[in-house]
Amino acid sequence: MDVIETRVPGVMRVVPKRFGDARGWFSETFRVDALARAGIACAFVQDNQSFSAPKGTIRGLHFQVAPQAQAKLVRVLAGAILDVAVDLRRDSATYGRHVAVRLDAEGGEQLFIPHGFAHGFCTLTPDTMVAYKVDAYYSPAHDRALVWNDPDVGIDWPVLAAEAILSDKDRAAPRLSELGLVF
């Protein structure tokens, strides 16, 4: 597998190799040793999966604060998403900047998001299934969100605000300037 740094240090594209023949293809989607060689040394403890029926569904931007902060390894099992990570590390040179990567089931690419980032995605196709590993258990007491369309972050979402399908929690999340010190 190839691991490629993005424009925001720490966020990495993980591209598993596929080996095909007349039957289809085979791929190793997760290898601790290969990820560790690339600097990803998380002990993942929980797998999560979501299904979004309509195109234009936005989930996020979510994160957990310490001591339950989560690193994530995200991949798409069906459909396609625009996957986004926003740097919330106050002392980082890239604080407030984001990475947006298209992930789809056909290509199999994954995105690694370290601690200190908010994460979210928008479905680009109907019937999209996303799976991701996390290195800390879900904790409602540590769960936080950043509003998906904060103009200070400037994410170019592939859906208009009036057409985005969101949870009430995600629609009411605070802006970056209102978060305070979270990392």
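1. A helix here is a DSSP run of at least four residues, and helices are numbered from the N terminus. With that in hand, we can place our starting residue: D170 sits in helix α2, which covers residues 168-171. Please keep in mind as you read that this is a predicted model.

2. Let's stay with D170 for a moment. Does this acidic residue count as buried or exposed, and which side chain of opposite charge is nearest? D170 is buried and has no salt bridge. The nearest side chain of opposite charge belongs to K169, 5.0 Å away. A salt bridge calls for a distance within 4 Å, so the pair does not qualify.

3. What does the side chain of D170 make a polar contact with? Its partner is the side chain of H62, at 2.6 Å. If we set aside neighbours within four places in sequence, the residues in contact with D170 are I58, R59, G60, H62, V147 and W148. Try picking out H62 in the viewer, as it will come back below.

4. Now for the open spaces. The largest pocket has a volume of about 400 Å³. Its lining is made of 23 residues, and those closest to the pocket's centre are R59, H62, K72, Y132 and K169. You have already met K169 as the nearest opposite charge to D170, and H62 as a polar partner of D170.

5. Which elements build the lining of this pocket? At least two residues each come from β5 (46-52), β6 (58-64), β11 (117-123) and α2. The largest share, 6 residues, is supplied by β6.

6. The model also has enclosed spaces. How many cavities of 30 Å³ or more does the structure hold? There are 2. The largest cavity contains about 50 Å³ of space. Its lining consists of H62, F63, Q64, A69, Q70, K72, I113, H115, G116, F117, H119 and F183. Both β6 and β11 give at least two residues to this lining, and β6 provides the largest share, 3 residues. H62 and K72, listed here, are also among the residues closest to the centre of the largest pocket.

7. One of the cavity-lining residues deserves a look of its own: H115. Where is it found? H115 is in the loop between β10 (110-113) and β11. Its relative accessible area is 39%, which is why H115 is classed as partly exposed. Not counting residues up to four places away in sequence, H115 touches A69, Q70, A71, R89 and D135.

8. Two of those neighbours also have polar links to H115. The side chain of H115 makes a polar contact with the side chain of D135 at 2.9 Å, and reaches the backbone nitrogen of A71 at 3.5 Å. A further distance to try for yourself is the one between the C-alpha atoms of H115 and L88: these residues are 27 apart along the chain, and the atoms are separated by 9.1 Å.

9. Finally, compare another histidine, H98, which lies in strand β9 (residues 98-104). H98 is buried because its relative accessible area is 12%, and the limit for buried is under 20%. Leaving out neighbours within four places in sequence, H98 is in contact with R7, V8, V84, A85, V86, V153, G154 and I155. For V153, there is more detail: its backbone oxygen lies 3.4 Å from a polar atom of the H98 side chain. The C-alpha atoms of H98 and F112, 14 residues apart along the chain, are separated by 13 Å.

Note on methods. Residues numbered from 1 in each chain as written. Predicted model: local features only at pLDDT ≥ 70, side-chain atom pairs only at ≥ 80, totals over all residues. Heavy atoms only, no water. Buried < 20%, exposed > 50% of the residue type's maximum accessible area, 1.4 Å probe, protein only. Lys, Arg positive; Asp, Glu negative; His and termini not counted. Polar contact = N/O pair within 3.5 Å; in protein donor to acceptor, adjacent residues only side chain to side chain. Contact = heavy atoms within 4.5 Å. 1 Å grid on protein atoms, 1.4 Å probe; cavity = no way out; pocket = protein on both sides within 12 Å on 5 of 7 lines; lining within 4 Å. Points joined across faces, edges and corners; volume = space filled by probe spheres on them.
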